[in-house]
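The following exercises ask you to describe how chains meet in a multi-chain model. Work through each task with the structure open before you read the solution.

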Amino acid sequence: MSVVTIVPSHTGLAEIGALLRRLQRNYVATLGTVEVIVVVVMALTTHGSFLRTSSLRTSFVDMAVNLGPAVGLTMVILTGGIDVSVASVVAVDASLVGLAFEHGVPFVLVLLLGLLGGALAGAMNALLIVGGKIPPIVATLATSSIWLAVSFWVLGGNWITAIPSSLSTITSISGLGPLPWSLMFVLAVTASAAYFMRQRPLGRVIYAVGNNQEAAKTSGLPVGRAKVMVYVTIGLLTGMATLLLVGQSPVVSPETGSNIFLPILAAVVVGGTSITGGRGSILGSLLGVVLVELVNDAVILYHVNPFWDDVVLGVIIVVAVVIGLGSRYTAAIGEGKL
Amino acid sequence: MTAWLFRRHGDAVARYGVLVAILVVVIVLGEALAPATLAPSNLATMTTFGVPLGLMAFGEALVILGGGGAIDLSIGGLYPLAPVIAALLMGHHVAEWLAVVAALGVGVAGGIVNGLIVVGLGIPAIIVTLGTLYGYSGLAEVIANGVNLTSFPASFGEIGQGTVGGIPDQLLFIYLPITVVVWYIASRSLYAYRIRLTGTNPVAAYLSGVNVRSTRFKAYVISGLLAALAGLVESSLIMTASPTAGGVFTVFVVVTIVVLGGVDLFGGEGTVLGIVLATAVLMVLGYSFDLANANSILETGLTGVLLIVAMLGRLGLVRFRTRLRMST
Amino acid sequence: MRRARWIATAAGAATLIMAMAPGSAQAATRKAGPAHSGHHAKVSSAYRIAFVPKLIGIPYFTSMEKGAEAAAKRFGGKFIYEGPTTASVEGQDEDVATLIKEHVSAVGVSANAASSVCPDYANAIKAGIVVYASDSNVSCKDNELWVEQATNQGIGNLAVDTLAKEIKGSGDIAIVSAGSTATNLDSWIAVMKKRLKRYPRLHLVSVQYAGENISQSETVGARLIAAYPKLKGMIGVASTNVPGLAEAVKAAGDAGKIAVTGETDPNTIRPWIEDGVVKAVVLWNPTSLGYLMYWGVLQVLEHHPFKAENAVPGLPGKYEYFPASKTLLLGPPLLITKANVNLNF
């Protein structure tokens, strides 16, 4: 909407339309610009509280947690799939990590175990989807229920608090000024994922699968391998997020991660990734993660009644897709793609 | 024997075989865990747990039938929003029937908003309804100011709690009639033909003169209405409108029912009987586990396993049937 | 272990229901209802006392479960612990309705919504089942017993006084609760607001809700710290909120500058008390609460009237009963500090 207001008032409707269309073509760039403006406005109007080191650090840690699974989810959605088991994988993987700490497993080994646990959960989804030919939403809905049950059963009504403080130090306290090491690490992972998706052959296969799976198959592309890869990847990245989350609040309960999924999905779709597959980018999802974080920050920084939180996020999702993606999908329908 | 069954009733076996088998297993399991699960008085209580979910599953199934990857996540937000509105109005001494109509109207309006954005602007349903899920449940919290509303007159409890000859009113006067109506809409009416064709092949539908957009749009409106009704029935049972009810977990359960009931997520395929059976499966499972004082998380886990078994079983049956056809 | 328990319960339920349901279970239930409680009045080992917590899977309610189990072992009868996996109003109602159908001797809740189980409670009373509440009260007129952990006044006032003492009675403070719909949490917040009037230089700047979820509490805490630069203290209202807030303060490097207190149990808060981020929290012993609850319900079942002060075998001290509100009180709230954080509950 701020897009419209920067247009001089004497401009004709047609020119506004043209501008909108140009913005839609460069959706990611527009989103980035809007975010920069929002950040500047927030920095100027919150009397410095937004820029306070500790506040920034918390926001950065939140983003580090969400970014990994968001990158994974982007890849999954690019193949035309979906993974709704993220929250439950966090719960079960956190239980695994917690138990390992409780039983005195060496620190580095626990970190590996956390990553491995996530990857295994992802492999199980891949097995059901690629091997069992079960639609992704059904398969991941099923594993989601199963993992949640397992984490309740493993924890047996207790929480695990025996998390070494060194984990919190690594994940959310130490860093360069307000920038925690964890976010820098996740950003590096994100950059490699972006490189992989753009430059590596298998990355292009992922796009091809989402655009037209049958065509990809008949042209002999490794469709199965690409799909297995995306589900294992999101599992692995969810494992990474689990470690960050357990570091952020060092208590493991069955509710750990329970509200992580919707913000991540919101970030990916606001970032411009088409839910039907084939279109979208890692960069867009990174910006999506930033936007979700900005909304959550703004609601408290501007002392808004907390109940408005969800309404604001909902409106932003709808407005973002209407402005950013509306014409694209309308065009796609015209071309008979939907 | 199996071959004979397949030859005579191939369609029905492929469609309901796995579901009926699962229902039998669940009933046997339930009886083993807690005998008399299926005694009439238990059945009456049990159905009150199934009605709201079953209603929402009908709406969700209609949306999905329309194809194009359609799904309605926003039911998780209309489910608390409608009773919150009803409670607010009744608290201000608005006549009960008027408040109920207004609350149902909110469901319809919510469905219209979804439909307009999804169908009108051609934006994928999962994104739009994710946004409106946030929006509607957020509104419920804002309007209720975050607290449970209890300003219902005693007579409002009749729908949710009343019984006729031991049979719950909500089953007799809400679920059964709506099942018939939905069955007619989704299987017998001209609309059934339109939405199924739209779901299977929108281009063919368009070419044969079906208004694809208006067909899909109507499904969202029905889904919104049924979600609002489900919310009202539940709040009438507990005489409380909770703004935090519903949410994404409820949507997950509803989608589970729809999928278990054999609705094809890519559109065009699915039956009302399948959904009724799937609702019964989850209801019996939940109730017998509760009755056996089992940890309720087991039920969640088992639902996941059932979902996988059902999908693999159904795929297996279809393959078996194809092989059988090829051999004869 | 859990499995063994529910198989045993199932077997128990099996024999009972079979004995009661020769034909229509409904008819049998109606006949057996009052006779059931009358017949077994002196044989407490046949009582089945059910409790539905707000949610399962959190240590606080697990402690209550342990306490009630201990009481069941001592006084006889069977304790049934069953609840939803999230603090869901409908989920809790379904559990209560099923337990009534199962025809337990008594059913009670820690209410997710004060009014939501009232229709069920009315049915239960018709069927001769005793209804009660503990930890978070119901608003039902016909509730027969309310086992209270400490008075709302006691809990709310102590939390505010503790915080005021730590920050020398001045500065901005915030309250973070689990859900806006939980009866007990809301009443404590109301008491806290009233008590704050005694401290004119304490300013309540925000009340937020973070669910029964630690990470969410951490996030909300961090944002509060950012939004209110002059923030001096935070009160976590549910047992899950306090550790999240403490972690937020720690992560912000504000330990010692921003005080955190609230209602939580020693097992949960121990790490933060030990490293000094949290000085003191307010609680009662949930294991004792579960024990007292089971004992209290047994008294109602056996028609033993309460005295103004009651001795409970197995618990130290005397426990007050207020007939007007049918309240059995555990006692004054406990202040948990470094000195007694090793209590195991």
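## Chain C against chain B

**Exercise 1.** Describe the interface between chain C and chain B, beginning with its polar contacts.

**Solution.** Between chain C and chain B there are 7 residue pairs in polar contact, counted with both residues at pLDDT 80 or more; a polar contact is a pair of N or O atoms within 3.5 Å, where within protein one atom must be able to donate a hydrogen and the other to accept it, and residues adjacent in sequence count only if both atoms are side-chain atoms. On the side of chain C that touches chain B, the elements that give two or more residues are helix H1 (2–20), helix H2 (25–39) and helix H4 (89–101) of chain C, helices being DSSP runs (H or I) of at least four residues, numbered from the N terminus. The largest share of that side, 9 residues, comes from H4(C). By class, the side holds 13 nonpolar, 10 polar and 9 charged residues, with Ala, Val, Leu, Ile, Met, Phe, Trp, Tyr, Cys and Pro counted as nonpolar, Asp, Glu, Lys and Arg as charged, and the others, Gly among them, as polar.

As a next step, turn to salt bridges (a side-chain nitrogen of Lys or Arg within 4 Å of a carboxyl oxygen of Asp or Glu), of which the count between chain C and chain B is 0.

This is a predicted model, in which local features need pLDDT of at least 70 and side-chain atom pairs count only at pLDDT 80 or more, while totals for chains, interfaces and linings use all residues. Residues are numbered from 1 along each chain as its sequence is written, chains are lettered from A and ligands numbered from 1 in the order in which they are written, and side-chain values use heavy atoms, with hydrogens and water left out.

## Chain B against chain A

**Exercise 2.** How many residues does each chain give to the contact between chain B and chain A, and which helix of chain B gives the largest share?

**Solution.** Taking contact as heavy atoms within 4.5 Å, chain B gives 38 residues and chain A gives 39 residues. No salt bridges are found across this interface, and the count of residue pairs in polar contact (both at pLDDT 80 or more) is 0. Helix H4 (96–121), H5, helix H11 (247–260) and helix H13 (296–327) of chain B each supply at least two residues of the side that touches chain A, and the largest share, 13 residues, comes from H5(B). That side of chain B has 25 nonpolar, 11 polar and 2 charged residues.
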